[in-house]
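Grab a pencil and work through these exercises with the model open beside you. Each task comes with a step-by-step solution.

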Amino acid sequence: MCDICGCSESKSGHASHEGAGHGSEGSRGTTLAVHESLLAANDREAAHNREHFDAHGVLAVNLMSSPGSGKTSLLESTIDALGRRLRIAVIEGDLETENDARRIRAKGVPAVQITTGSACHLDARMVHHALHEIDLDAVDLLFIENVGNLVCPASFDLGQHRNVTLLSVTEGDDKPAKYPVMFRKSDLVLLSKSDLLDVLDDFDPEAATRHLRTLASQVPVLRVSARRPASLRGWIDWLEQEYQQRRALWRRTAVAL
Amino acid sequence: MHELALCQALIEAVEKIARREHASGVVSLTVTVGALSGVEPSLLARAFEIASASTLAQGARLLLEPTPVRVVCEDCGAQGEATIQRLLCASCGGGRVRVTAGDELHLSRIELERASTVPQCDAVPATGE
């Protein structure tokens, strides 16, 4: 069977499909050349979200990872470390439950839960709806915690400025090779649960970095543990630096206007 | 499976074009799928059957055109093919490369069925048939 479109013809005979026509007898077909991205509608909504962020000088960070790699725990400890200096808000994406948003709210930070039902990723429209519930004038740094999934979220721009991917040391260090589309799009990779490296000898941080470099990615790779606040310094510095850059751009735009 | 969401977007685009062109149906559509687009062609084909039901695209043949990844090296200037697991410059092995092809995901051709009572639109850049 043809492995391109699933029809019963062989691959070599595939070109003959084109123009053969499957219309009814006597119908006149017309072939149009078009160039329409399947993501065009999402990209438009994402650009709209980004305009909102930029108008308010907000840095938006999209957090992605497999389920259970510690995104919410990292956010909790990030709020502890940075919450007094920057005003943080969080959009939580999950298939079901408000649990993660509750954990964030318990830290005194506004959180909006998006429950996607069966959808395996957030898209720009979902984020746009969630933004209606957030006062961006009162936010410096917005985290969007994507649905735990290393495949689907990679395809959908949400309007974020930066993508951060977590790879926990309880996973395989070859994840960047297995999920190249996502890791290639990351602006920062965090090796989470790094306190467990002391007891797990089968995760090699150097190998994880090597796999990432093979994807022609030069981005920083940092080890973090939500349980060890001192390990978060590089991550917090990165966030503050990104925020200051965003803020400087915002001030320049405001002056120009 | 995000392929279903992408198929729904595809069908919205196809229906918009078909209505604009006063087509009575869609014979075939061609989607260019880059190796780095994050889309699995076989899943896209399966999702299309589900998403196209009861739309103008129902029964249309979906042709998928896979495109390989191409990179250009910012250091040595070499251009060439790469794989999704190895995006380094094939010539100098450097990592400062720009992907020039292979991450696209777009509708590239659509073959429409004409309703016999509706005259053809002159503005259509027809390429065949």
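**Exercise 1. Place A:T97 and describe its backbone and surroundings.**

Start with location: A:T97 sits in the loop between β3 and α3 (99-105) of chain A. Helices here are DSSP runs of H or I with at least four residues, strands are E runs of at least two, and both are numbered from the N terminus.

Before going on, some ground rules: this is a predicted model, where local features need pLDDT of at least 70 and side-chain atom pairs count only at pLDDT 80 or more, while totals for chains, interfaces and linings use all residues. Residues are numbered from 1 along each chain as its sequence is written, and chains are lettered from A and ligands numbered from 1 in the order in which they are written.

Next, the backbone. Most residues other than glycine have a negative phi. A:T97 is not a glycine, yet its phi is positive, about 75°.

Last, the surroundings. A:T97 has 11 other C-beta atoms within 10 Å, so it is exposed. (With C-beta atoms placed from the backbone, 20 or more others within 10 Å of a residue's own means buried, 12 or fewer means exposed, and anything in between is partly exposed.)

**Exercise 2. Do the same for A:K193: is it buried or exposed?**

A:K193 lies in the loop between β7 (188-192) and α7 (205-214) of chain A. Its phi is positive too, about 60°, although A:K193 is not a glycine. Now count neighbours: 25 other C-beta atoms lie within 10 Å, so A:K193 is buried.

**Exercise 3. Work out the strand order of the open sheet in chain A.**

Zoom out first: chain A has 8 helices and 8 strands. Of these, 7 strands form the open sheet, in the order β4-β3-β5-β2-β6-β7-β8, with parallel pairing. (Two strands pair if DSSP finds at least two bridges between them.) The edges are β4 and β8 (221-223) of chain A, each pairing on one side only. From one strand to the next, the twist averages 20°.

Now check some pairings. Strand β2 (residues 59-64) of chain A runs parallel to β6 (residues 162-168) of chain A, with 4 bridges; A:L63 has A:V164 as its bridge partner in β6(A).

**Exercise 4. How many residues of β3(A) are buried, and which strands flank it?**

Strand β3 (residues 88-94) of chain A has 7 of its 7 residues buried, so it is largely enclosed by the rest of the structure. In a regular strand the side chains alternate between the two faces of the sheet. Sorting by face gives A:I88, A:V90, A:E92 and A:D94 on one side, with A:A89, A:I91 and A:G93 on the other, and all are buried.

For the flanks, β3(A) pairs in the parallel sense with β5 (residues 141-145) of chain A over 5 bridges, and A:I88 is matched with A:L141. It also has 5 bridges, again parallel, to β4 (residues 111-115) of chain A, where A:E92 stands opposite A:Q113.

**Exercise 5. Which residues does A:A130 touch?**

A:A130 belongs to helix α4 of chain A. It has 23 C-beta neighbours inside 10 Å, so it counts as buried. Leaving out residues up to four places away in sequence, A:A130 touches A:I91, A:V112 and A:I114. (Contact means C-beta atoms, placed from the backbone, within 7 Å.)

**Exercise 6. Which strands form the open sheet in chain B?**

The order is β4-β3-β5 (chain B), with antiparallel pairing. The edges are β4 (79-82) and β5 (97-101) of chain B, and the twist averages 40° from one strand to the next. (Axes are lines fitted to C-alpha atoms, for helices over the stretch in contact, and angles run from 0 to 180 degrees between N-to-C directions.) Strand β3 (residues 69-73) of chain B is joined to β4(B) by 4 bridges; one of the partnerships is B:R70 with B:E81.

**Exercise 7. At what angle do α1(B) and α2(B) pack?**

Helix α1 (residues 3-20) and helix α2 (residues 41-51) of chain B pack at about 55°, with axes 8 Å apart. That makes α1(B) oblique to α2(B). (Under 35 degrees is roughly parallel, over 145 roughly antiparallel, 65 to 115 roughly perpendicular, and the rest oblique.)

Finally, the contact: among the residues involved are B:L4 and B:I11 in α1(B) and B:L44 and B:F48 in α2(B).

Key: Contact = placed C-beta atoms within 7 Å.
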